[in-house]
Amino acid sequence: MSLTVAIDIGGTHIRVAVYNSNSTAPIAHQRTRSLANEPGVYGRLVQAIEAVWPEEKVDAIGIASPGPLDPYTGTILATPNIPEWQNFPLATKLCEHFDVPVYLDNDANMAGLAEWQFGAGQGHHDVVYITISTGIGGGVIMGDRLLQGYHGMAAELGHMLIDPEGPLCGCGHHGHIESFSSGPSIGRYVNEQINGGEKSSLQAHPDLSATQIAAAAREGDRLAISAFKRAGYYLGIAVANYLAIFDPSILIFGGGVSQVGDLLFKPLEESLREHTFHPHYLDDLVITKAALGDDAGLLGALALARMKVE
Ligand SMILES: [Zn+2]
């Protein structure tokens, strides 16, 4: 029996799981706080892996990590949650320590890969996965292959430019789709509107969450409803662009903000129909929610490692 170790590095937790060759149910599992802002993340990661390391032979380690990163060299270029990982050769270090091949890619790509192999995208060959939470990320499968790109930085769907005069994005540029439609961007918009005199049942607060705004919208709060309309409208523009580039058969939406449902997706689909350059892109196009939840990164890391070993 051959085993694979999968790792998901999150801002708050590191998860490590061991799988045998034909299952997506882990035979061992370890979850530890990453304490990403405190030094020693790498040491804590090694400890977590050692805690589940099996006696049988491990074929490979797969890792899902926040990026940007270089999947070809296995190097983390920079990751906002873990300041000490600048140009950090994570795959090489773990390969030397555990003496097995180590494969690494960014968490959104890995979630997309997992949804295609094990989740909502099974049976499709051309998949666009979009996650909407504190940021917006993406993963793209084209012709049954994960799209990585020349630099390994393909499918950064959250940094699709919508309006160069638009709000400041988390990346430092203006007007990317993330700056309109991520959870914090929706909260920031509502806060600005209330501070500008708009009436709302919500109190102005810089950290208003998409969940709070969705609850207000369901109670009929007009500002809250309009905030999701606006976010969906801009997402529709971004998705029209994705269709023109990738022409997928399925769009899979993950991340917490996607859970608000029709509040976001009705205006999104309306805007998509309005902005797509040809309606044929929409024929038989499946628009659906992600199926794997919090396990998507881990299962993507598993899928990556298995694909590389095969
Ligand atoms: Zn950006």
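In what order do the five strands of the open sheet stand? Select them and read across: β3-β2-β1-β4-β7, with mixed pairing. (Strands here are DSSP runs of E with at least two residues, helices are runs of H or I with at least four, and both are numbered from the N terminus; two strands pair if DSSP finds at least two bridges between them.) Before you click on, note that this is a predicted model, where local features need pLDDT of at least 70, side-chain atom pairs count only at pLDDT 80 or more, and totals for chains, interfaces and linings use all residues. Residues are numbered from 1 along each chain as its sequence is written, and side-chain values use heavy atoms, leaving out hydrogens and water.

**The sheet**

Colour β3 (28-33) and β7 (102-106): these are the edges, each with a single partner strand, so one side of each has no neighbour in the sheet. From one strand to the next, the twist averages 15°. Now pick β4 (residues 58-65), which runs parallel to β7 and is joined to that strand by five bridges. Try I61: its bridge partner in β7 is V102.

**Helices on the sheet**

Next, show helix α1 (residues 41-52), lying across β1 (3-9), β2 (13-20) and β3, at about 155° to β3. (Angles run from 0 to 180 degrees between N-to-C directions, using axes fitted to C-alpha atoms, for helices over the stretch in contact; contact means heavy atoms within 4.5 Å.) Then add helix α2 (residues 90-98), which touches β1, β4 and β7.

**Ring pairs**

Switch on the aromatic side chains: the whole structure has seven aromatic pairs. (Rings of Phe, Tyr and Trp, the last by its six-membered ring, pair if their centres lie within 6.5 Å; planes under 30 degrees apart are stacked, over 60 edge-to-face, and the rest tilted.) Zoom in on Y42 and F88, with centres 5.7 Å apart and planes at 65°, so this pair is edge-to-face. Y42 sits in α1 and F88 in the loop between β6 (75-76) and α2, 46 residues apart. Both Y42 and F88 are buried (under 20% relative accessible area; exposed is over 50%, partly exposed in between, with a 1.4 Å probe and protein chains only). Add W85, and ring pairs link Y42, W85 and F88 into a cluster.

Now jump to F180 and Y234, a stacked pair at 4.0 Å centre to centre with 25° between the planes. F180 is in helix α4 (residues 177-181) and Y234 in helix α7, so the pair ties together parts 54 residues apart in sequence.

**Last stop**

Select α8 (residues 262-275), whose buried residues include L263, F265 and L272.

Terms used:
The expected span of a helix is 1.5 Å times one less than its number of residues.
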